[in-house]
Amino acid sequence: MTTAVDRFRTAVNTRDLSALDDLFTEDIRFYSPVKFTPFEGRPMVLGLFGVLLRTFEDFRYVGEFAGTAQTSVDGAEAPGAVLLFRTTVNGKEIHGIDMVHLAEDGRIKEFTVMVRPQSAVHALGEAVLAGLVADGLVPTE
């Protein structure tokens, strides 16, 4: 059986932003390594993924672990996966994980990204902010 996580991986690997729309709940929360508060709601998270898919160079998933964990929103136990990835942003190699929590209907309701090293976090933050500003998703500072 193909899960939302499987379809998500395929969409990211093929850079098919439109395929992500049905995979996210309306109230999805995206926790970024460069922003304290989450990005909230499907339109904002889809916009963010548009920026990410343009920003990442040679993005690839290199592993996956499945299980359950408490979500940040309500502390409920939810099925999900941890996806290990490698990519490059502005010449900085990034190692990271995507932690995905699923809603009862099988769609993605919470998404948390963690990356290393610190210099890569900084490069990623600058590149993503520039993309969000360019796309009109956040105001210029």
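T55 is buried, because its relative accessible area is 15% and the cut-off for buried is under 20%. The model is a predicted one. T55 lies in helix α2. What does T55 touch, once its neighbours within four places in sequence are left aside? T55 is in contact with T88, V89 and A127.

A127 leads us to a second helix. Helix α2 covers residues 42-55, and helix α3 covers residues 118-134. The two helices pack with their axes 9 Å apart. The angle between α2 and α3 is about 125°. That angle makes α2 oblique to α3. Why oblique? Angles of 65 to 115 degrees count as roughly perpendicular, and those over 145 as roughly antiparallel, so an angle of about 125° fits neither group. The crossing of α2 and α3 is right-handed.

Now look at the residues that make this contact. From α2 come L48, V51, L52, R54 and T55. From α3 come A127, V128, G131 and L132. So T55 and A127 both belong to the contact between the helices. Sorted by class, the contact of α2 with α3 has six nonpolar residues, two polar ones and one charged one.

Stay in helix α2 and find L46. Is L46 buried or exposed? L46 is buried, because its relative accessible area is 16%, and buried means under 20%. Not counting residues up to four places away in sequence, L46 touches L17, L20, D21 and F24. Compare the position of L46 with that of A120. These residues are 74 residues apart along the chain, and their C-alpha atoms are separated by 23 Å.

F24, one of the residues that L46 touches, brings us to the aromatic rings. How many aromatic pairs does a search of the whole structure find? The search finds 13. A pair of aromatic rings is described by the distance of the centres and the angle of the planes. Take F56 and F59 as an example. Their rings are 5.2 Å apart, centre to centre, with 20° between the planes. This pair counts as stacked, because the cut-off for stacked is under 30 degrees.

Both partners can be checked for burial. F56 has 13% relative accessibility, so F56 counts as buried. F59 has 14% relative accessibility, so F59 counts as buried too.

F56 and F59 also belong to a cluster linked by ring pairs. F24 is in that cluster as well. The other members are F8, F30, F39, F49, Y61, F85 and F111.

Technical notes. Residues are numbered from 1 along each chain as its sequence is written. This is a predicted model: local features need pLDDT of at least 70, side-chain atom pairs count only at pLDDT 80 or more; totals for chains, interfaces and linings use all residues. Side-chain values use heavy atoms; hydrogens and water are left out. Axes are lines fitted to C-alpha atoms, for helices over the stretch in contact, and angles run from 0 to 180 degrees between N-to-C directions. Helices (H or I, at least four residues) and strands (E, at least two) are DSSP runs, numbered from the N terminus. Angles under 35 degrees count as roughly parallel, over 145 as roughly antiparallel, 65 to 115 as roughly perpendicular and the rest as oblique. A crossing is left-handed if the near helix is turned anticlockwise from the far one by less than a right angle, and right-handed if clockwise. Contact means heavy atoms within 4.5 Å. Ala, Val, Leu, Ile, Met, Phe, Trp, Tyr, Cys and Pro count as nonpolar, Asp, Glu, Lys and Arg as charged, and the others, Gly among them, as polar. Rings of Phe, Tyr and Trp (its six-membered ring) pair if their centres lie within 6.5 Å; planes under 30 degrees apart count as stacked, over 60 as edge-to-face and the rest as tilted. Buried means under 20% relative accessible area, exposed over 50%, partly exposed in between (1.4 Å probe, protein chains only).
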